[in-house]
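User: I should like to go through the side-chain contacts and helix packing of this model, one question at a time. Please reason briefly before giving each value or name.

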Amino acid sequence: MTSPEIVHTSDPDLPAVVETLCLAFDTDPVTEWNFPRDLANRAALIEGFFRVTVGMILDHGGTVATTTDHVAIGVWSPPGEPTLTEAEAADYADALFKACGEGGERAAIIMQALDAAHPADLPPHYHVFFAGVRPGHQARGHALAVTRTLAAVTNAAGAGVYAEASNLRSLALWERLGLRRIGPEITLPDGGPSLYPIWGDPGTWFT
């Protein structure tokens, strides 16, 4: 199988990136908790979350790796980013509430929980915020191509990789690539699902 071509850029086609993430995460447990099925304009609210959040990541040094047809997407930040001033953090929170409507409060809870759980003592690392494939295109090498790009970037920098798996299937996929769980799971309130922090040392995963 020919490996899909990957574009790694800080200036992606944002609407196409957001569309893929919306499709990839539509049935994810965290998305279902943040945006229950009975919410009016649910699709638009999910789109708002990804648009605002990916935009914030890109504005603070982040990049996107994507297949040329935007079937698979990875969004990550380099070591030390995103670093937001108090004013920038307030602006992001405000934009999140406006974009997510009734899901704004839970979206803020998720991002705050991830930030609070992110270990402060990790070596320099890239932080993978999102990685997904459009439904119907899984198991065709797209995700592996994006991951190969991530591995090349992190290994070239001598940096580790950190992410939060949002479901057990995603966790198992990361573990097969050589990452491992670190720290306790992040459990969202009000009966919400858990996320699983994972870590890969430089040069030890996807080898």
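**Cysteines, charged pairs, rings and helix packing**

User: Is Cys22 buried or exposed?

Analyst: The model is a predicted one. The relative accessibility of Cys22 is 15%, and the cut-off for burial is under 20%. Cys22 therefore counts as buried.

User: How many disulfides does the structure hold?

Analyst: A disulfide is a covalent bond between the sulfur atoms of two cysteines. For Cys22, the closest cysteine sulfur is that of Cys100, and because the two are 10 Å apart, they are too far from each other for a bond. Cys100 is likewise in no disulfide, its nearest cysteine sulfur being that of Cys22. The search of the whole structure gives a count of 0.

User: What is the relative accessibility of Cys100, and is this residue buried or exposed?

Analyst: The limit for burial is under 20% relative accessible area. Cys100 counts as buried, its relative accessibility being 0%.

User: Which residue forms a salt bridge with Glu19, and where do the partners lie?

Analyst: Glu19 belongs to helix α1 (residues 14-25), while its partner is in the loop between β4 (125-133) and α6 (142-156). The pair links distant parts of the chain, 115 residues apart. The closest N and O atoms are 3.6 Å apart, and the partner is Arg134.

User: Which of Glu19 and Arg134 is buried, and which is partly exposed?

Analyst: Glu19 has a relative accessibility of 44%, so this residue counts as partly exposed. At 17%, the other residue falls under the 20% limit for burial. The buried partner is Arg134.

User: How far apart are the closest N and O atoms of Asp26 and Arg42, and which parts does the pair tie together?

Analyst: Asp26 is in the loop between α1 and α2 (29-34), and Arg42 is in helix α3 (residues 42-59). The salt bridge therefore ties together parts that are 16 residues apart in sequence. Asp26 is partly exposed at 24%, whereas Arg42 is buried at 9%. The closest N and O atoms are separated by 2.7 Å.

User: Which residues are linked with Asp26 and Arg42 in a network of salt bridges?

Analyst: The structure holds 9 salt bridges. Asp26 and Arg42 form one of these, and both belong to a network of linked salt bridges. The other members of that network are Glu32 and Arg37.

User: Where do Asp94 and Lys98 lie, and what is the N to O distance of their salt bridge?

Analyst: Both residues lie in helix α4 (residues 86-100), with a separation of 4 residues, about one turn of the helix. Asp94 is partly exposed at 40%, while Lys98 counts as exposed at 65%. Their side chains meet at an N to O distance of 3.2 Å.

User: How many aromatic pairs are there, and what is the geometry of Phe49 and Phe130?

Analyst: The count comes to 6 aromatic pairs. For Phe49 and Phe130, the ring centres are 6.2 Å apart and the planes are at 80 degrees. An angle over 60 degrees counts as edge-to-face, and the geometry of this pair is accordingly edge-to-face.

User: Why does the pair of Phe49 and Phe130 tie together separate parts of the sequence, and which cluster includes both rings?

Analyst: Phe49 lies in helix α3 and Phe130 in strand β4, so the pair ties together parts 81 residues apart in sequence. Phe49 is buried at 8%, and Phe130 is buried at 9%. Ring pairs link both into a cluster made up of Phe25, Phe49, Phe50 and Phe130.

User: How are α1 and α3 oriented to each other, and what is the handedness of their crossing?

Analyst: Two packed helices are described by the angle between their axes and the distance between the axes. The axes of α1 and α3 come within 9 Å and cross at roughly 125 degrees. That makes α1 oblique to α3, and the crossing is right-handed.

User: At what angle do α4 and α5 pack, and what is the handedness of their crossing?

Analyst: Helix α5 spans residues 104-117, and its axis is 8 Å from that of α4. The packing angle is about 140 degrees, and α4 and α5 are therefore oblique to each other. Their crossing is right-handed.

Notes. Residues are numbered from 1 along each chain as its sequence is written. This is a predicted model: local features need pLDDT of at least 70, side-chain atom pairs count only at pLDDT 80 or more; totals for chains, interfaces and linings use all residues. Side-chain values use heavy atoms; hydrogens and water are left out. A disulfide is a pair of cysteine sulfur atoms within 2.5 Å. Buried means under 20% relative accessible area, exposed over 50%, partly exposed in between (1.4 Å probe, protein chains only). A salt bridge is a side-chain nitrogen of Lys or Arg within 4 Å of a carboxyl oxygen of Asp or Glu. Helices (H or I, at least four residues) and strands (E, at least two) are DSSP runs, numbered from the N terminus. Rings of Phe, Tyr and Trp (its six-membered ring) pair if their centres lie within 6.5 Å; planes under 30 degrees apart count as stacked, over 60 as edge-to-face and the rest as tilted. Axes are lines fitted to C-alpha atoms, for helices over the stretch in contact, and angles run from 0 to 180 degrees between N-to-C directions. Angles under 35 degrees count as roughly parallel, over 145 as roughly antiparallel, 65 to 115 as roughly perpendicular and the rest as oblique. A crossing is left-handed if the near helix is turned anticlockwise from the far one by less than a right angle, and right-handed if clockwise.
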